[in-house]
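Q: Could you take me through the salt bridges in this protein, one pair at a time, and show me where each pair sits? I'd like to follow along with the model open.

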Amino acid sequence: MGKISYSQFSQWDKCPYTWKLNYVDKAETFKGNIYTLFGSALHETIQAYLVCYYERTIKEADNLPLRDILQYRMEENYKISKEQHGDDFEVSLDEMKEFFNDGCNIIDEFLKRKSSYFPKKNTELVGIEIGLNHRVSDSIKFRGYMDVVLHNKTTGRIKIIDIKTATMGWNKYMKADKNKTNQLLLYKYFFSKEKEIPIDKIDVEYLILKRRLYENFDYPQKRIQTFSPASGKPSINKVMNRLQEFMDECFDEDGNVVDNDYEKCEKHKKCILCKGL
């Protein structure tokens, strides 16, 4: 049984050639960096808070040592990456300090504004890192993990939230980038199928945590941004059709990856090294 994830699909959607290098040739082109290390650590910190916030009390959640948790998770993620990639993983102490301080600023604002993004009244936490394991064909399963899933007990609506870290947030071009936003559309579709929840009862939202604010800006700025992409049937049908194209091109009938002549994206077409590959 073949297995696919959103990261695998989005990599192919952006550059089929890079997908081939990673999943056919097993070249492992990406070794991780301070951005992925920090993003994972901040995810884990915010998620730890939300579990306490919804399952215990706000007071107990507010008393959690979130800065210590962030520091610990950053250090642990660093150790794991170093063990996996050795000298290929390059993150300096100065970068660790800089990103940790950025994370502390995000945490401070998150605590002040948490109820705006995560209401507690009539809302329950369905889960953190809820797994998806949905069969999309006779030989392929789609696997994924949803960061946060909430249930409004009054309306019956479900909200799937994906936490993203970004340097300056998402501008209009990033919001329009389907390679960024299609993730939650797929999660919405598969969660609806797995739990037999009407798809129009599920909302999706990106919670974007900004490390940096603009200098000399005339208006108040927030480190937390939300964005809900269009996720109606037309949008979901488009991404499902694209996912089918991915499976048709990259997998055989038994779910095994296929070594085709995968197209190079523009950056590879201009790269002297890639032209020789």
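A: Happy to, and one cut-off will help from the start: a residue counts as exposed when its relative accessible area is over 50%, as buried when that area is under 20%, and as partly exposed in between. Please keep in mind that this is a predicted model.

Let's begin with Arg56. Its relative accessibility is 54%, so Arg56 counts as exposed. Arg56 forms a salt bridge with Glu60, and the closest N and O atoms are 2.9 Å apart. Glu60 has a relative accessibility of 31%, so this partner falls in the partly exposed class.

That pair is one of 17 salt bridges that the structure holds. Another joins Glu44 to Arg73, with 2.7 Å between the closest N and O atoms. Glu44 belongs to helix α3 (residues 34-55) and Arg73 to helix α5 (residues 66-85), so this contact ties together parts that lie 29 residues apart in sequence. Both ends are partly exposed: Glu44 has a relative accessibility of 28%, and Arg73 has a relative accessible area of 21%.

Now turn to Asp102 and Arg211, whose side chains meet in a salt bridge at 2.4 Å, N to O. Here the link is between distant parts of the chain, 109 residues apart: Asp102 is in helix α6 (residues 93-117), while Arg211 is in the loop between β5 (202-210) and β6 (224-227). Asp102 and Arg211 are both buried. The two also take part in a network of salt bridges that links Glu98, Asp102, Arg211 and Arg212.

Since Arg211 sits in the loop between β5 and β6, those strands deserve a look as well. Eight of the nine residues of β5 are buried, so the strand is largely enclosed by the rest of the structure. β5 pairs with strand β4 (residues 158-166) in the parallel sense, over nine bridges. If you want a place to check this pairing on screen, find Ile161, whose bridge partner in β5 is Glu205. β5 also pairs with β6, this time in the antiparallel sense and over four bridges. There, Leu207 stands opposite Thr226 in β6. As you trace these strands, it helps to remember that side chains in a regular strand alternate between the two faces of the sheet.

To recap the three pairs: Arg56 with Glu60, Glu44 with Arg73, and Asp102 with Arg211.

Technical notes:
Residues numbered from 1 in each chain as written. Predicted model: local features only at pLDDT ≥ 70, side-chain atom pairs only at ≥ 80, totals over all residues. Heavy atoms only, no water. Salt bridge = Lys/Arg side-chain N within 4 Å of Asp/Glu carboxyl O. Helix = DSSP H or I, 4+ residues; strand = E, 2+ residues; numbered from the N terminus. Buried < 20%, exposed > 50% of the residue type's maximum accessible area, 1.4 Å probe, protein only. Pairing = 2+ DSSP bridges.
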